[in-house]
Amino acid sequence: MRIIGLDVGDRTIGVAISDALLLTAQGIETIRRSDWDKDLQRLKELIGQHEVTKIVVGLPRNMNGSEGERCDIVRDFADRLQEVVPDLPIIFWDERLSTVAAQRYLIDADVSRAKRRKVIDKMAAVFILQGYLDSKPQK
């Protein structure tokens, strides 16, 4: 039983996966968006490969908590993903500042700007999923 976390963007999808005990999140991939079918197929492969039982999708709320156009885009993506994996629950998780936190983490780790660009979305997915895992007492 694992949970997958997604940071959905226009150009990329950051992907993180929990450990089997649902304690920690690790980044596994940044999917470069090409078309809906390829994006969803790759996610379906990752979900099957890691025996995922739940999906956590970052919801990019505005700083005041309201939902804007980006939230609609992410919800549309989640609806399409749900059609591909209909038996898995999809949970939306407030992702405000996840990218900022990931950026700070990578800067503190002295990761170069070029390398940060390659992994920032995956790290944002880690922060989204870890926030979800930390908020739930796991059984």
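## A salt bridge to start from

The side chains of Glu29 and Arg42 come together in a salt bridge, with N and O 2.7 Å apart. Glu29 belongs to strand 3 and Arg42 to helix 1, so this pair ties together parts that are 13 residues apart in sequence. Please keep in mind, as you look around, that this is a predicted model.

How exposed are the two partners? Glu29 is buried, with a relative accessible area of 19%; the cut-off for buried is under 20%. Arg42 counts as partly exposed, at 26% relative accessibility.

## More salt bridges

Arg42 has another partner as well: its side chain meets that of Glu45 in a salt bridge of 2.9 Å, N to O. Both of these residues sit in helix 1, three residues apart, which is about one turn of the helix. Glu45 counts as partly exposed, with 38% relative accessibility. Put together, Glu29, Arg42 and Glu45 are linked in a network of salt bridges.

The structure holds five salt bridges, and one of them joins Arg80 to Asp76, where the closest N and O atoms are 3.5 Å apart. These two lie four residues apart in helix 2 (residues 69-84), so about one helical turn separates them. As a general point, an α-helix has 3.6 residues a turn, so residues three or four places apart point the same way. Arg80 is partly exposed, with a relative accessible area of 32%, and Asp76 is partly exposed too, at 33%.

## A walk around helix 1

Helix 1 deserves a visit of its own. With 14 residues at 1.5 Å a residue, helix 1 should span 20 Å, and its end C-alpha atoms are indeed 20 Å apart, so the two values agree.

Which residues of helix 1 are buried? They are Asp39, Leu40, Leu43, Leu46 and Ile47. Looking down the axis of helix 1, you will find these buried residues within an arc of 120°, so they line one face of the helix. Their cover includes strand 1 (2-8), strand 2, strand 3, strand 4 and helix 2. On the face turned away from the buried side, helix 1 carries the exposed residues Asp37, Lys38, Gly48 and Gln49.

## Aromatic rings and their neighbours

Searching the whole structure turns up two aromatic pairs. In one of them, the rings of Trp93 and Tyr132 have centres 5.5 Å apart and planes at 90°, so the pair is edge-to-face; planes over 60 degrees apart earn that name. Trp93 lies in strand 5 (residues 90-94) and Tyr132 in helix 4 (residues 113-135), so the pair ties together parts that are 39 residues apart in sequence.

Buried or exposed: which word suits Tyr132? Tyr132 is buried, with a relative accessible area of 4%, whereas Trp93 is partly exposed at 24%.

Charged side chains also meet rings here. Arg33 lies over the face of Trp36, at 5.2 Å from the ring centre. The charged end of Arg75 sits over the ring of Phe92, 4.6 Å from the centre of that ring.

## Two loop residues with a positive phi

Now for a look at the backbone. Leu22 has a positive phi of about 60°, although it is not a glycine. Where does Leu22 lie? Leu22 is found in the loop between strand 2 (12-18) and strand 3 (25-32). With 5% relative accessibility, Leu22 counts as buried.

Glu51 is not a glycine either, yet it has a positive phi of about 55°. Glu51 lies in the loop between helix 1 (36-49) and strand 4 (52-59). Glu51 is exposed, with a relative accessible area of 59%, whereas Leu22 is buried.

## Bringing the picture together

Helix 1 is a good place to return to. Arg42 in this helix ties to Glu29 in strand 3, and Arg42 also pairs with Glu45 of the same helix. The buried residues of helix 1 line one face, and strand 3 is among the elements that cover them. The loop that holds Glu51 runs between helix 1 and strand 4, and strand 4 is also part of that cover.

Notes:
Residues numbered from 1 in each chain as written. Predicted model: local features only at pLDDT ≥ 70, side-chain atom pairs only at ≥ 80, totals over all residues. Heavy atoms only, no water. Phe/Tyr/Trp six-rings, centres within 6.5 Å; stacked < 30°, edge-to-face > 60°. Buried < 20%, exposed > 50% of the residue type's maximum accessible area, 1.4 Å probe, protein only. Lys NZ or Arg CZ within 6 Å of the ring centre and 35° of its normal. Salt bridge = Lys/Arg side-chain N within 4 Å of Asp/Glu carboxyl O. Expected span 1.5 Å × (residues − 1). Arc of directions from axis to C-beta. Contact = heavy atoms within 4.5 Å.
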